[in-house]
Amino acid sequence: MEVLVASGIGLLTAVGVYLVLRRQTFPVIIGTVFLSYAVNLFLFATGRLTINRPPIYASGAAGYADPLPQALVLTAIVISFGMTALVVVLALRGFLETGSDSVEGDPSAVAGEDATVTTDLARP
């Protein structure tokens, strides 16, 4: 089971890094989401992967799972949702202001896009 989880974390990290290195904002946002999922799984796996064990100590149970990584992952999920929403709104605002979703700020840098898109910097 550890090999499967480690492979999943590696795959999520690879996809996240690939998407973060793109030139457009939407793939960058999706890439950061994949990276946050990889980090969450890594944090969850640090508490040992156990099956059929309660997260709270019980007198009849043979053992228990460590609840600290689970609490950290739940907190990280909530924070990552909030940050993703903020970044999406900022990317949308940037797209509406500049007319391009290029990360570099140059509308002609996006492959296949017409370079005639102009930005109105004199607008108040």
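Good morning. I79 is an exposed residue, with a relative accessible area of 52%. I begin there, in a model that is predicted, and I will work outward from that residue to the chain as a whole.

I79 is located in helix α3, which covers residues 67-98. On the surface, I79 joins M83, L86 and L90 in a nonpolar patch, and together these residues have about 400 Å² of accessible area.

Let me stay with helix α3 for a moment. The helix contains 32 residues, and the distance from its first C-alpha to its last is 46 Å. That is close to the 46 Å expected at 1.5 Å a residue. Which residues of α3 are buried? They are P69, V73, S80 and A91. The buried residues of this helix pack against α2, which spans 25-45.

Towards the end of α3 there is a charged pair. In general, side chains of opposite charge can pair when their charged atoms come close. Here, E97 forms a salt bridge with R93, and the closest N and O atoms are 3.2 Å apart. Why are these two residues separated by about one helical turn? E97 and R93 are separated in this way because they are 4 residues apart in helix α3. As for their surroundings, E97 is partly exposed, with a relative accessible area of 39%, while R93 is exposed, at 54%. A search of the whole structure finds 1 salt bridge.

I turn now to helix α2. This helix has 21 residues and reaches 30 Å from its first C-alpha to its last, which is close to the 30 Å expected at 1.5 Å a residue. Its buried residues are P27, I29, G31, V33, S36, A38 and N40. What covers them? The cover includes α1, residues 2-20, and also α3.

One of those buried residues deserves a separate look. G31, a residue of helix α2, has a relative accessible area of 0%, and is therefore buried. What does G31 touch, leaving aside its neighbours within four places in sequence? G31 is in contact with G16, L19 and V20. Taking L19 in particular, G31 and L19 are 12 residues apart in sequence, and their C-alpha atoms are 4.6 Å apart in space.

A second buried position lies outside the helices just described. S100 is found in the segment after α3. Is S100 buried or exposed? With a relative accessible area of 7%, S100 is buried. S100 and T25 are 75 residues apart in sequence, yet the distance in space, C-alpha to C-alpha, is 9.3 Å.

Let me now step back to the whole chain. How many helices and strands does the chain have? There are 3 helices and 0 strands, and, read along the sequence, the pattern is α-α-α. Of the 124 residues in the chain, 19% are buried. The chain exposes about 8900 Å², and carbon and sulfur atoms supply 69% of that area. Among the contacts with a separation of 6 or more, 45% are between residues 24 or more positions apart.

Finally, I come to the database record. An unreviewed UniProt entry carries the annotation "transmembrane region" for residues 6-21, 28-51 and 71-92. How do the annotated spans appear in the model? Over residues 6-21, the chain is 94% helix and 0% strand, with the end C-alpha atoms 23 Å apart. Residues 28-51 are 75% helix and 0% strand, and the end C-alpha atoms of that span lie 35 Å apart.

To summarise, the chain is built of 3 helices and 0 strands. The buried residues of α2 have cover that includes α1 and α3, and the buried residues of α3 pack against α2. On the surface of the model, I79, M83, L86 and L90 form a nonpolar patch. Thank you for your attention.

Notes. Residues are numbered from 1 along each chain as its sequence is written. This is a predicted model: local features need pLDDT of at least 70, side-chain atom pairs count only at pLDDT 80 or more; totals for chains, interfaces and linings use all residues. Side-chain values use heavy atoms; hydrogens and water are left out. UniProt positions are given in the numbering used here, feature names are shortened, and annotations may be inferred rather than shown by experiment. Patches are made of residues with over 30% relative accessible area and no salt bridge: like charges are joined within 9 Å, nonpolar side chains (Val, Leu, Ile, Met, Phe, Trp, Tyr) within 5 Å. Accessible areas come from the Shrake-Rupley method with a 1.4 Å probe; for residues, only the protein chains shown count as cover. A salt bridge is a side-chain nitrogen of Lys or Arg within 4 Å of a carboxyl oxygen of Asp or Glu. Buried means under 20% relative accessible area, exposed over 50%, partly exposed in between (1.4 Å probe, protein chains only). The expected span of a helix is 1.5 Å times one less than its number of residues. Contact means heavy atoms within 4.5 Å.
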